[in-house]
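Student: I should like to work through this model step by step, with the terms explained as they arise. May we begin once it is displayed?

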Amino acid sequence: MPAAPNYCGRTRREFLHQLGGGFGSVALTGLLSGDGFFGSSAKASEAAAGLAPGLHHAPKAKSVIFLFMYGGPSHMDTFDYKPEMVGRDGQTVAVKTFGRGGKKNEGRIVEPRWKFKPYGECGKMVSDLFPHVGECVDDIAFLHSMTAESPIHGSAMLMMNSGQLLSGSPAMGSWVNYGLGTENENLPGFVVMLDPSGGPISGAKNWSSGYMPSKLQGTTFRTAAGSQPIYNLKSDRLSPEAQRAVIDAINERNRDHLAGDGLTGGRGPNSDLNARIASYELAYKMQTAAPEAVDLSQETEETHRLYGTDNKQTEDFGRRCLVARRLVERGVRFVQLYAGGHHNDNNWDAHGDLEDNHNKHAGRTDKPVAALLKDLKRRGLLDETLVVWGGEFGRQPTAEYAKGSGRDHNSFGFTMWMAGGGIKGGVSVGSTDELGSRAVDQPMHVKRLHATVLHQLGLNPNRLTYFHAGLDRKLTGVGETEPIAEII
């Protein structure tokens, strides 16, 4: 059994009380994630020590920004052009659907509510919902035949984030940091920025490290002007000098414990204890690094206009996209932004009024997303930053109810896109049928998206494993999963 936690002669309660609640709770998870430490397998110990298994091939990307459109945007109203639906509004057709409302064999067509027009040299057809993103299509690879295993938000989100329908598995950001380690010792390797309306269904399970060490889980950042990026990051009782002295004293005691006290033999190599020491250091360093990373006063007026932070509609998502760029500049491996939160029309889940819902959410995100792509490109960062856009599933071509334009969930076929990080621009792969009800050409499971992300980062998705409960686990599951070669 591992030795009891060392809190310099204090109980955990006494120790935390003296620190005055200082340091972010997530930043200290390497220290406080359970008195049983992290597990005994060699691979778990390597991860706890911050050691990467190593690259499998030359990487194209160094970091990932995942723009998660929570709720499920409608593909046939955004990027999957379906001219066959135009003029057929209200027609009843035989089409099998499966969503929140259960299984149906026919439905009333909801004609796309927005016009499409071609953009870029590739001539990609894009809805009027996304005129700014349309300007970037020559840098984007569209995946029109994505499929998922669940039409229910909770399990579909877990599948998109962790590759599994059930909770308890590490998120993609955790896998990335396990595989690559960190490039910045002052910031978390996996950062999550939520919508101001609230978090998504299942909450922190979507950025959990699962059976991996807690230090690999996502750290939620707040980005509102004037706010602390992480709750309780700074102590309100100790000066920086006093905190430094406390950290030094704690780390000295832990190093003595590692080496032995002269009377007893040292513990020898112990990655778990090393991880505790490193967690203290990270928490202390983050007190300066995290506020600086979200300090947008350093950005030019032109940059703020580009992201739309000067406009009430786009201000929030614009700020978060701009912070995402600043984080990858500083070596953060994986950044996830949620557009939409909570329930009902606070996210893209358009069961009622499709037009009102999608006008709202596209209006909030179109300009900031395009700004992120343009800003990364002009700074020379797009080549090494992989940007992913999409939700947990798409929406059906037929109405959910007898009246109205609302669409139910669709996991049989939907659209996501990727840009940067060695991805081909101006291409579209796969297709759904003429109504967009299901993938018919090159259906691509969510796991192939995951495999592509890992591949672009220099990791073989079929070799990146973590030993847990007697098995070598993978983000992409048991079988072999190939990246989407057409966009690489």
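Student: How do the residues lining the second largest pocket divide into nonpolar, polar and charged?

Tutor: This is a predicted model, in which local features need pLDDT of at least 70 and side-chain atom pairs count only at pLDDT 80 or more, while totals for chains, interfaces and linings use all residues. On a 1 Å grid over the protein atoms alone, a pocket is an open set of points with protein on both sides within 12 Å along at least five of seven lines, and lining residues have an atom within 4 Å of a point. Asp, Glu, Lys and Arg count as charged, Ala, Val, Leu, Ile, Met, Phe, Trp, Tyr, Cys and Pro as nonpolar, and the others, Gly among them, as polar. The lining thus holds 5 nonpolar, 3 polar and 6 charged residues.

Student: Which helix supplies the largest share of the lining of the second largest pocket?

Tutor: Residues are numbered from 1 along each chain as its sequence is written, and side-chain values use heavy atoms, with hydrogens and water left out. Helices (H or I, at least four residues) and strands (E, at least two) are DSSP runs numbered from the N terminus. The largest share, 4 residues, comes from α10 (residues 315-329).

Student: How many cavities of 30 Å³ or more are counted?

Tutor: A cavity is a set of grid points where a 1.4 Å probe fits but cannot get out. Points are joined across faces, edges and corners, and a volume is the space filled by probe spheres set on them. The second largest cavity holds about 30 Å³, and its lining has 6 nonpolar, 4 polar and no charged residues. The count of cavities is 2.

Student: On which residue is the kink in α11 centred?

Tutor: Helix α11 (residues 354-378) reaches 35 Å from its first C-alpha to its last, close to the expected 36 Å, that span being 1.5 Å times one less than its number of residues. A bend is the angle between axes fitted to the seven residues ending at a residue and the seven starting there. The kink is about 30°, and its centre is A362.

Student: Is L475 buried or exposed?

Tutor: L475 belongs to the segment after β19 (471-473), and its C-alpha lies 5.8 Å from that of G163, 312 residues away in sequence. Buried means under 20% relative accessible area, exposed over 50%, and partly exposed in between (1.4 Å probe, protein chains only). Because its relative accessible area is 2%, L475 is buried.
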